[in-house]
Amino acid sequence: QVQLVESGGGLVQAGGSLRLSCAASGRTFSSYAMGWFRQAPGKEREFVAALRWSGGNTYYADSVKGRFTISRDDAKNTVYLQMNRLKPEDTAVYYCARGLVLSAQKENYDYWGQGTQVTVSS
């Protein structure tokens, strides 16, 4: 019984910033990874960033390295994605997910949130 709820999406101009949140229910996440994926219309869901809850190891897609930061708040069971210097190609529905391992492969994640829309205008 795991629930993930994303929030924080919206419309922003290119070069702007946005912070997404993923509130997770359940007690034990320390043995798992948490990831952010995104999906644009007509495109496959692609990896954005992930962290290992225990230890905070992080992993980023090349397309967002240096611009996005994934983090977590243990007390709040919440994962964040800070997105800076946004580009139009970042436009997508963003999903958080619980991963079995720190991985860029969506097949390694077993629970997903409903998604939050991020739109970056030119």
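This passage describes the nonpolar core, the disulfide, the strand pairing and the aromatic contacts of a predicted model.

The largest nonpolar core of the model comprises 33 residues, and among these Trp 36, Val 48, Phe 68, Ile 70, Leu 81, Met 83 and Tyr 94 touch the most other members. At least two residues of this core are supplied by each of the strands E3 (18-24), E4 (33-39), E5 (46-52), E7 (68-73), E8 (78-83), E9 (92-99) and E11 (116-121). The largest share, 5 residues, comes from E5. The surroundings of one core member, Phe 68, can be given in full: when residues up to four places away in sequence are not counted, Phe 68 touches Arg 38, Val 48, Tyr 60, Leu 81, Gln 82, Met 83, Asn 84, Leu 86, Asp 90 and Tyr 94.

The structure holds 1 disulfide, which is formed by Cys 22 and Cys 96, with 2.0 Å between their sulfur atoms. Because the torsion about the S-S bond of Cys 22 and Cys 96 is about 60°, the disulfide is right-handed. Cys 22 belongs to strand E3 and Cys 96 to strand E9, so the pair ties together parts of the structure that are 74 residues apart in sequence. With a relative accessibility of 0%, Cys 22 counts as buried, and Cys 96, with a relative accessible area of 1%, is buried as well.

Strand E3, which holds Cys 22, also takes part in the pairing of strands, since E3 and E8 run antiparallel and are joined by 6 bridges. Within this pairing, Arg 19 stands opposite Gln 82 of E8. Strand E8 pairs with E7 too, again in the antiparallel sense and over 6 bridges, and here Ser 71 has Tyr 80 in E8 as its bridge partner. The hairpin of E7 and E8 has 4 residues between the strands, and in this hairpin Asn 77 takes a positive phi near 50°. As for the setting of E8, 5 of its 6 residues are buried, so this strand is largely enclosed by the rest of the structure.

Aromatic contacts were also examined, and the count comes to 5 aromatic pairs. In one of them, the rings of Phe 47 and Tyr 59 have centres 5.1 Å apart and planes at 35°, so the pair is tilted. Phe 47 lies in strand E5 and Tyr 59 in strand E6, so this pair ties together parts that are 12 residues apart in sequence. Phe 47 is buried, with a relative accessible area of 11%, whereas Tyr 59, at 38% relative accessibility, counts as partly exposed. Strand E6, in which Tyr 59 is placed, covers residues 58-60. Leaving aside neighbours within four places in sequence, Tyr 59 is in contact with Phe 47, Val 48, Ala 49, Ala 50, Leu 102, Ser 103 and Ala 104. Thr 116, by comparison, is 57 residues from Tyr 59 in sequence, and the distance between the two in space is 21 Å, C-alpha to C-alpha.

Ring pairs further link Phe 37, Phe 47, Tyr 59, Tyr 109 and Trp 112 into a cluster. Trp 112, a member of this cluster, has Arg 45 lying over its face, at 4.9 Å from the ring centre. The charged end of Arg 45 also sits over the ring of Tyr 95, at 3.8 Å from the centre of that ring.

How values were computed:
Residues numbered from 1 in each chain as written. Predicted model: local features only at pLDDT ≥ 70, side-chain atom pairs only at ≥ 80, totals over all residues. Heavy atoms only, no water. Core = buried A, V, L, I, M, F, W, Y, C linked by side-chain atoms within 4.5 Å. Buried < 20%, exposed > 50% of the residue type's maximum accessible area, 1.4 Å probe, protein only. Contact = heavy atoms within 4.5 Å. Disulfide = S-S within 2.5 Å. Pairing = 2+ DSSP bridges. Phe/Tyr/Trp six-rings, centres within 6.5 Å; stacked < 30°, edge-to-face > 60°. Lys NZ or Arg CZ within 6 Å of the ring centre and 35° of its normal.
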